[in-house]
Amino acid sequence: MNPKNDLVKLDLWEAREGLRKKHFSSQELTQAYLDRMTNAAGLNAYITPCPQQAIHQAKASDQKLKANQGGSLEGIPLGVKDNFCTQGIRTTAASRLLSNFVPHYESTITQRMKEDGAVFLGKTNLDEFACGGSNIHSAFGPVSNPWDPKRVPGGSSGGSAAALASGQALGALGSDTGGSVRQPAAFCGLVGLRPTYGRCSRFGIMSMACSLDQPGPMGRTVRDVALLFQSMAFHDPKDSQSRQIETPLYESYLGKSIRGMKIGIPHFKEEDFDPAITSMWLEKKNFLQEQGCEVVPVNLPNMQDALTCYYILMPAEVSSNMARYDGIRYGQREEGETLDDLYEKTRGKGFGLEVKRRILTGNYVLFKGYAGGYYAKALKIRHRIREHFKEALNLVDAMLWPTTPGIAPLIHGEEVDPLREYYGDIFTIAASLASVPGISVPSGIVDGLPLGMQLTGRPFQEERLLQLAHVLEQSTTLPPLPLQEDFSGVQPVKLPRPSA
Amino acid sequence: MVIHIEKLAKLSKIHLEAHEKEVLTKDVSTILTWVENLKDISGRKMCEETAPEVTEEDMFRSVEPTREDTPFLKETRQDILANSSAVEEGMFQVPLVLEK
């Protein structure tokens, strides 16, 4: 039997083996994580911890494990981003407006993971309605990066990333619209997969931008991500975009040779990068070559154009999706003299600054008369980006480039130049627009903070990405994640914002 | 770029405090000025070559697959009303919309 607090050091695959071999129980494992959640509460990774429910689920898992039964994730404690609806458990999307919302239905993904035996530790923090890349835009306060609590963990799935990296979850669920799984994974030294659009069900996940949203798994290793993803990839008739495509056994691709695979390297200007990132990129290119891959240059669209296109299409979709939050059927209602007055006050008080920025921008670009100049043009550019990716991916198995242009920034207030934060998405946006899968793999340390490299591949061929990522991760030895560090002295960062 | 923030907020049905109006006027203007480089992209013929023509009329028309329009959630009236802060006689309560 392992000492109790050492259990959080095990990765998901090791913990699953330990549970199956009865070296420890799910209750012991879950309790070790709940203890970490108490110790590291100051990082603010969770909005709603669910200790009672977690122990209840763990007990049920132990019964199954005792009888050598149970699903693929039986007894494994996970964190769930708080934009996945969970029946009977408060789901806020980190918005003041939904601070008392309790869904009466379950998202398809969390439902399936529960059926597979997962134990849910609680609901993790995020940028409000997943709008952001830093997790500072949360009505429940910003999340701290466990590598350096003065810095952001990335976003929008920042709570999931921080929980995983600080031993407060063994795996986590995120959602990725423009990079919200890959970027926080990179900033926290983790693996994060954005599946192909249509691979995983969006049903029950609060919509941000419907044509881009996709749930994704986050883990400490590629193998962990493959195990979580296995439980998430299936056809769901409740999501009209969910595709009926056979799901391979992802784990069987790990350890397979990558000899002969073709890797594309997109061309960027030298000045786009920190020299430390450029040298990390070169090192990984060389490593893949040594492993027998053929490395070739590929032509991708200008990333700046992709970013511009994204910041028209995404706010347009956000403004439409946010229209449902009127305070009538759910949410914190503010009283008003008239119906319009009620809507305006409810939304004025309920939404944070970044969500308001996006709604206003989105409505502007959709104005009759303007939409042709903005929205229709952006749709054309998106089409062209897809064509570019298609051409490139006809020539190569995957492409390799950095996940982020730099390390995790310091936590700052919300009233700063929004473009600064938007530029942080520059390398993750294009794969989202092209509807192709992407995975971020920990690849190095700069100024004491982790960074990731991104592999993007052909639609619905996540197994190849996992196969490559599994080899790539072996090229890097990062300092260990702060899974057992004492965070009891860390105080939650307070930003000037009306708190929920 | 000139942004009529009050008009935009009214259409978005969001009440803004004076301080927010100031910040958001600046921010939205910055974002829109930045996305104006879309015109340069067209100039570089990035999108004109292969992209099909999309008009303002048809761009809102859905061409995406749709699912069968059959209910799959087993919701009761009580479930649906449970999250509303103002319910009366099994219905959502709203301010008067018709004059007495």
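## A walk through chains A and B

Start by selecting Ser156(A), which sits in the loop between strand 3 (119–124) and helix 5 (158–165) of chain A. Keep in mind as you look around that this is a predicted model. Now show the backbone from Gly155(A) to Ser156(A): the peptide bond there is cis, with omega near 10°. That is worth a pause, because most peptide bonds are trans.

**Two lysines with unusual backbones**

Next, jump to Lys22(A), in the loop between helix 1 (12–20) and helix 2 (26–39) of chain A. Its phi is near 60°, a positive value in a residue other than glycine. Is Lys22(A) buried, partly exposed or exposed? With a relative accessibility of 44%, Lys22(A) counts as partly exposed.

Then hop over to chain B and pick Lys13(B), which you'll find in the loop between helix 1 (5–11) and helix 2 (18–35). Here phi is near 50°, again positive in a residue that isn't glycine. Lys13(B) is partly exposed too, at 28% relative accessibility.

**Into the core**

Back in chain A, select Met113(A), Phe129(A) and Phe389(A). Within the largest nonpolar core, which has 154 residues, these three touch the most other members. Colour helix 9 of chain A as well, since it gives this core its largest share, 11 residues.

Now zoom in on Phe129(A) and show what surrounds it. Beyond its neighbours within four places in sequence, Phe129(A) is in contact with residues including Met206(A), Met208(A), Met322(A), Tyr325(A) and Phe351(A). There is also a second, separate core of 13 residues, and Ala161(A), Ala172(A), Ala185(A) and Leu483(A) are among them.

Ala172(A) gives us a signpost to the next stop, Leu481(A). The two are 309 residues apart in sequence, yet their C-alpha atoms are 15 Å apart in space. Leu481(A) lies in the segment after helix 15 (462–473) of chain A. Its relative accessible area is 18%, so it counts as buried. Leaving aside neighbours within four places in sequence, its contacts are Trp147(A), Ala165(A), Cys188(A), Gly189(A), Leu190(A) and Arg220(A).

One more buried residue before we move on: Gln57(A), in helix 3 (residues 51–66) of chain A. It counts as buried because its relative accessibility is 13%. Neighbours within four places aside, Gln57(A) is in contact with Lys114(A), Ala118(A), Val119(A) and Phe120(A).

**Where the chains meet**

Finally, show both chains together. How many residues does each chain bring to the contact? Chain A brings 70 and chain B brings 60. The area buried between them is about 5,600 Å², with carbon and sulfur atoms giving 66% of it. Select Glu344(A), Leu360(A) and Lys380(A): they supply 13% of the area that chain A buries against chain B, more than any other three residues.

For a close-up, pick Asp27(B) and Arg357(A). They form a salt bridge whose closest N and O atoms are 2.7 Å apart. Four salt bridges are found across this interface, along with 16 residue pairs in polar contact.

To finish, colour the elements that give two or more residues to chain A's side: helix 9 (303–321), helix 10 (339–350), helix 11 (353–365), helix 12 (372–395) and helix 13 (418–423). Helix 12 has the largest share, 14 residues. Colour that side by residue type and you get 35 nonpolar, 17 polar and 18 charged.

How values were computed
Residues numbered from 1 in each chain as written. Chains lettered and ligands numbered in written order. Predicted model: local features only at pLDDT ≥ 70, side-chain atom pairs only at ≥ 80, totals over all residues. Heavy atoms only, no water. Helix = DSSP H or I, 4+ residues; strand = E, 2+ residues; numbered from the N terminus. Buried < 20%, exposed > 50% of the residue type's maximum accessible area, 1.4 Å probe, protein only. Contact = heavy atoms within 4.5 Å. Buried area = accessible area lost by both parts, 1.4 Å probe. Salt bridge = Lys/Arg side-chain N within 4 Å of Asp/Glu carboxyl O. Polar contact = N/O pair within 3.5 Å; in protein donor to acceptor, adjacent residues only side chain to side chain. Nonpolar A, V, L, I, M, F, W, Y, C, P; charged D, E, K, R; others polar. Core = buried A, V, L, I, M, F, W, Y, C linked by side-chain atoms within 4.5 Å.
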